[in-house]
Amino acid sequence: MSKADAFTQAGKTAVLQNIHGTMQFLQRFPPFNQMEQAHLAYLVEQCQLRFYSQGESIIKPGDGPVEHFYIVKQGRIVGERPHTAKGGTQTVFEITTGECFPLAALLGERATRTEHLAGEDTFCLQLNKPAFIKLFSLSDCFRNFALRCVSSLLDQVNQQVQQKAVETLGTQYSLNSRLGELAMRHPVTCSPFTPLREAVTLMHEQQVGSIVVVDDAKAPLGIFTLRDLRQVVADGISDFSQSIDRHMTQAPFALTPEHSAFDAAIAMTQRHIAHVCLVKDQRLCGVVSERDLFSLQRVDLVHLARTIRTAARVENLVTIRGEIGQLVERMLAHGASSTQITHIITLLNDHTVCRVIELTLAERGDPGVPFSWLCFGSEGRREQTLHTDQDNGILFEARDAAHAAEIRGKLLPLAQQINQSLALCGFTLCKGNIMAGNPELCLSRAEWARRFAAFIREATPENLLGSSIYFDLRVVWGEEQACQQLRQGILAQVGDNRLFQRMMAENALRNRPPVGRFREFVLSRKGNDKATLDLKVQGLTPFVDGARLLALANGIEANNTLERLQQLVAREVIDPLDGAAYEEAYHFIQQTRMQQHQLQTRSNLPYSNRVDPESLNHLDRRILRESLRQAQRLQASLALRYQL
């Protein structure tokens, strides 16, 4: 072999070794670890390795439309934007080993909105735009990641969780099963003129607990169930030749075959029903019963709700509390989302509160005064976890101050007993005494309205804190109209008061997400404990506070954080891509928090919202960091909007 040939062969070997090493490096990180080998090899072959010294600009807004895709091989990239109000620049994100940029700008064929600088001496793999476009078309995995980024990473986490559940429990446990897959048999139907005897005979022959009454076009008019049959017998009706339309439940609740088992379980729990009709193109196509959900083990939810609402004593409710914890444990194990779980916890908590109130009224007697039981904070937003304290109040109507004082005297003893009973059921007494048994929170509608108006008129630190608790109010038990009027009053006053909005924005910037400029996370320690971060205060609260401010400022009535974000996107207050990113980030932080609580419960440790990022796997740690950066971005947008 000639010397030239030897050099050529050595060069080829070096190139192959370099390609192999780069592929091994990329296979440590999503989405590259999911890609087909041929597609990954194409990516590596088309890449160039570039070095950037500390402080060097890689891409900036003035460069025009982005022409390259970058993957950090070693080092750190920081993103900086001008600070409009204060001048200078602010760091809005950091990108470290295995991460890539700038996807949004590449896909949008535009300039980046952020200057990307080397935070230290950094090596990046650089892919030109034509190669990026080809890879985008070749690889479904890469395309999905590029389009959805954090969502794609979250999918990988959820798929891993669900796959483990499937391996041990089978697919029948999935909360996301389509109702069309559960309704395996044709629904049993009859016309509204069918004699009662004939309809019941048909139910018996078909071994079903319901028969759907339909018109000539197969649209459901009503439903007759075994519960209705018991009522017929209890009423002493002996003429079974009467037509069934006289005894059916009219306008039965319906979902589509595309809805999930979760949707059906929630509907059954909320509406106290055992059957859901499936309707497509206005025609009945199936019925899902509580028995069908039994195969999914979702009957726990329906059964629990019914057990709570029929509990004979408060002591019975105390024992049921443990069953709710077990249900949440199973749901987390089966890959349920944090949104589904908090929805269910809040729903069961609402049932518990209602039953405690009903049992207390039965024991003490009706005070003779109509009232509504209010909840605030996370319960008001329907975002409760198992570990929650009481934030509640009472709302009633009164003619004047003297009349209000008289009614308060009747309701306070009742409210105080309800608070104590709820504490027995696991709802911790509020340390700040934000409870209905507090005379300051047992108020007439006029008194609540004056209190809320004072919050908005005098934006002291105490009043701002109060608004962050009380403005997320809803009715758990009683009439809703007066509460609705209070909410509309709040929206009208906040919408007209730019100064109060600005003060709320300052308040919303207090809890900074713990992502630092020079390292992944900014951690703090208490005493000799290991340094950690607070998932609730530093992770969730920035989203909760930001969404509340923007919702109130824009006349949005929704209380729930995710619903607020969705409506803000619909009203074009928030960019759709930003809204989706905020939702995903909020969801992941809440999920991490709930998993942390479950681990603490299993280990008999006191629950805490603090987590050590090092205890998370690489993927979870990366998504947590990205999620906290989204909280930073939301806060940065508030600072810009209100010139802070």
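The second largest pocket encloses about 1,100 Å³ of space. I should say at once that the model before us is a predicted one. A total of 38 residues line this pocket, and S378, D389, D391, I469 and K536 are those nearest its centre. Which elements give two or more residues to the lining? They are α15, spanning residues 377-380, together with α18, α21 and α23. The greatest share of the lining comes from α21, with 7 residues.

Let us turn from the pocket to the enclosed spaces. A search of the whole structure yields 8 cavities of 30 Å³ or more. The largest cavity has a volume of about 70 Å³. Its lining consists of S338, T339, T342, R382, E383, N560, L562, Y586, H587 and Q590. Helix α14, residues 338-364, supplies at least two of these lining residues, and so does α23. Such spaces come to light by rolling a probe the size of a water molecule over the atoms, which shows where empty space is left.

Next, the nonpolar interior. The largest nonpolar core comprises 66 residues, and the most contacts inside it are made by W448, F452, Y470 and F471. Eight elements are on the list of those giving at least two residues each, including α17 at 445-457, α18 at 461-470, α21 at 535-553 and α23 at 576-602. Which helix gives the most to this core? That is α21, with 10 residues. Helix α21 is therefore a recurring name in this talk, as I noted for the pocket lining, where α21 gives 7 residues. If we leave aside neighbours within four places in sequence, W448 is in contact with L374, F376, I394, L395, L441, L443, Y470 and L486. Apart from this core lies another, of 60 residues, with F262, A265, L361 and A436 among them.

I now come to the sheets. In one open sheet, 4 strands follow the order β1-β8-β3-β6, and the pairing is antiparallel. Strands β1, residues 48-52, and β6, residues 100-101, stand at the edges with a single partner strand each, so one side of each is left without a neighbour in the sheet. Between β3 and β6 the antiparallel pairing runs over 2 bridges, and I71 stands opposite C100 in β6. Helix α4, residues 129-138, packs on this sheet and touches β3 and β8. The direction of α4 makes about 75° with that of β8.

Within this sheet I would draw attention to V72, which has its place in strand β3, residues 68-74. Is V72 buried or exposed? V72 has 0% relative accessibility, and therefore counts as buried. Not counting residues up to four places away in sequence, V72 touches F25, I77, I95, T96, T97, G98, E99, F101, T122, F123 and C124. One of these contacts can be followed along the chain: V72 and I95 are 23 residues apart, and their C-alpha atoms are separated by 7.6 Å.

A further open sheet has 4 strands in the order β9-β10-β11-β12, and here the pairing is mixed. At its edges stand β9, residues 189-190, and β12, residues 249-250; each has a single partner strand, so one side of each is left without a neighbour in the sheet. Strand β11, residues 220-225, pairs with β12 in the antiparallel sense over 2 bridges. The bridge partner of I223 in β12 is T249. Helix α9, residues 226-234, packs on this sheet, touching β11 and β12. Its direction makes about 65° with that of β11.

One more strand pair deserves mention. Strand β13, residues 254-255, runs parallel to β14, and 2 bridges join them. The bridge partner of A254 in β14 is C277. How many of the 6 residues of β14 are buried? The number is 5, so β14, which covers residues 275-280, is largely enclosed by the rest of the structure.

Finally, the chain as a whole. The protein chain contains 24 helices and 21 strands. Of its 644 residues, 52% count as buried. Among contacts between residues at least 6 apart in sequence, 71% join residues at least 24 apart.

Methods. Residues are numbered from 1 along each chain as its sequence is written. This is a predicted model: local features need pLDDT of at least 70, side-chain atom pairs count only at pLDDT 80 or more; totals for chains, interfaces and linings use all residues. Side-chain values use heavy atoms; hydrogens and water are left out. Two strands pair if DSSP finds at least two bridges between them. Contact means heavy atoms within 4.5 Å. Axes are lines fitted to C-alpha atoms, for helices over the stretch in contact, and angles run from 0 to 180 degrees between N-to-C directions. A nonpolar core is a set of buried Ala, Val, Leu, Ile, Met, Phe, Trp, Tyr and Cys residues joined through side-chain atoms within 4.5 Å. Buried means under 20% relative accessible area, exposed over 50%, partly exposed in between (1.4 Å probe, protein chains only). On a 1 Å grid over the protein atoms alone, a cavity is a set of points where a 1.4 Å probe fits but cannot get out, and a pocket is an open set with protein on both sides within 12 Å along at least five of seven lines; lining residues have an atom within 4 Å of a point. Grid points are joined across faces, edges and corners, and a volume is the space filled by probe spheres set on the points.
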